[in-house]
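Take a look at the model below. This report covers one cavity and one helix pair.

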Amino acid sequence: MSLMQIINRSLRRKVTMLVLATTVSALALSGLALILYDLRSYERLSTADLTTQGEVLARATAPALTFSDPRTAEKDLSVMQVRPRVRAAAVYDRDGNLFASYTQPGTAAEPFPRHAEPTGVGISRGEIQIFRPIVENGEPIGSVYLRAAYDPWTRLFDYMTIIGLVMLVSLGAATLISARLQSAVTAPVLDVARVSREVMERRDYSQRVRKTTEDEIGQLVDSFNAMLAEVGRRSDALRDADQRKDEFLATLAHELRNPLAPLRNALEILRIAGSDPEKARVAREMMARQLSQMVRLVDDLLDVSRITTGKLAVRKSVIDLQGPLRDAVETVRPFIEARNHTLQLDMPREPIPVEGDRTRLAQVFSNLLNNAAKYTMPGGRIVMSARMDAREAVVSVQDNGIGLDPASISRIFEMFMQVDRSLERSQAGLGVGLTLSRRLVDLHGGSVEAKSAGTGKGSEFVVRLPLSLARLTDGEVVVAEEAPRRAARRILLADDNVDFVTSLGELLAARGHDVRIAHDGAAALETAAEFSPDIAFVDIGMPKVHGYEVARRIRAEPGTASCVLVAVTGWGQENDRRRAREAGFDRHLVKPVDPEEIEAILASY
């Protein structure tokens, strides 16, 4: 096993190795710097000492050299015997010839330089040599030569021995200090690692690490414990959301299957009804009701997508709030009557001006009314009231139904959340109505709250919206005279859904219009060029050429530039409507298309 493998197994070992490595590195670098400095100092001191001795000898031997007295010069040189490091000394005359010499007793005799060399210092083979000039009355009369022992290695060995001992003592002390600090430094971190491992293995987010210090490690422990708490909370929320999602999918499947059976039965009734108009009427009414139910479910699913992607939007204008309230009542009234409920309306005589989207506000109140009817036993009582309170419009929907427990009140507006559905399982819905209502009210700058005295004691939903400072014009809603229907319009239908486009074509043809049908974008362009339609209903997602390009090319041709273009698609978000406008479409319809919408478009152009 390598050193790194051993170190990587334990945080304690890592910290110990870090302390020891730091200590060794610091001591080694310090010792190396000290040795280099001492060697340099030793060299400078040896050179300076030998130079000083050379100057002393130069002054002492100057008279002997002046009077050509080699004996005296040798006596002067012999004083170097008190300096054992000096192995040899010599005096050279003016011409550089050897004049007198001295060799330290007990030192192997080595030849002296034959001629004097320039002034300077030289170090080689464990010896240091210098040449110094001999000056008398300002004139050089010769030079002095000294050779001494130069042994830095003994000094280096001594220093290495000292540094080695210091390192051993320091490492021992560092090891002891590191061991003492382990519990304060590494123990909390190891505890974090232990708890992390156990959480991953057991998925138990209730565990916590014990905090022992107030330093950065203590902050790490606090952050880790807070993270565990947050992860635990989100894990619980995810489990709850996952459970509600499963319930939502099961409810969706149930709700989508419910209308299919009556639709199939109605088709069979139409097949066998023959000439019986009453049976045919009953079957058509049944199909219309079930189709409306399926459209409502699809709209709810689209609203779920808009909520989760943050693309839910409203188009505001100054309106009388009683308008969307009346719309909501008309939408839910058949359901209320089917359950034999009594609906009481308490509305003021004066208008209630608010800045809002009439369609979306009607959706809010119809959701509240629908919930009141759904969760109230047949024969119950529902009260919808509206009033102005200071700067707010207050709308209340109250029932005497199954009520809400405190836990339900706190979570009733969450996505896919439903109260106990045992009362009417067949009317469960998708559990998105209240979430959507709250989001829509938020977009209007208002609030919605739920109230209940408890289970079995009914419930009340209160919506508050800011009043508008702008005044309503007289007669907010002006009913225009019905325009005469224009017959025999040239209409182009372009859609790759054969059943849809064929049935719509037969419906329009039966009403006296001249209809042409195309099943792809290329065929739509050819038909438009030949037929010159007044109005074209164009699908977006067609093969060969998509609907946006079809619209651009129709607009570009002089013969069809004035054609009214209507996009018919399953995509109904604001971005889809914007793209349709940019491509040249005049209107945008979302499937399934209500025939009354088509009639309204035909009548308006």
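## Largest cavity and a helix contact

The largest cavity is lined by Leu493, Ala494, Asp495, Phe500, Val501, Leu504, Phe537, Val538, Asp539 and Val568. Lining residues have an atom within 4 Å of a cavity point, and a cavity is a set of points on a 1 Å grid over the protein atoms alone where a 1.4 Å probe fits but cannot get out. This is a predicted model, in which local features need pLDDT of at least 70, side-chain atom pairs count only at pLDDT 80 or more, and totals for chains, interfaces and linings use all residues. Residues are numbered from 1 along each chain as its sequence is written, and side-chain values use heavy atoms, with hydrogens and water left out.

The largest cavity holds about 40 Å³ of space. The count comes to two cavities of 30 Å³ or more. Strand 13 (490-494), helix 11 and strand 15 (535-539) each supply at least two residues of the lining.

Helix 11 (residues 498-510) also pairs with helix 15 (residues 595-604): their axes come within 12 Å and cross at roughly 50°. The two helices are therefore oblique to each other (neither under 35 degrees, nor over 145, nor 65 to 115). Their crossing is right-handed. From helix 11, Leu504, Leu507 and Leu508 meet Pro595, Ile598, Glu599 and Leu602 of helix 15 (heavy atoms within 4.5 Å).

Here is how the residues divide at each site.

| Site | Nonpolar | Polar | Charged |
|---|---|---|---|
| Contact of helix 11 with helix 15 | six residues | no residues | one residue |
| Lining of the largest cavity | eight residues | no residues | two residues |

Ala, Val, Leu, Ile, Met, Phe, Trp, Tyr, Cys and Pro count as nonpolar, Asp, Glu, Lys and Arg as charged, and the others as polar.

Terms used
Axes fitted to C-alpha atoms, helices over the stretch in contact; angles between N-to-C directions. Helix = DSSP H or I, 4+ residues; strand = E, 2+ residues; numbered from the N terminus. Left-handed = near helix turned anticlockwise from the far one by under 90°. 1 Å grid on protein atoms, 1.4 Å probe; cavity = no way out; pocket = protein on both sides within 12 Å on 5 of 7 lines; lining within 4 Å. Points joined across faces, edges and corners; volume = space filled by probe spheres on them.
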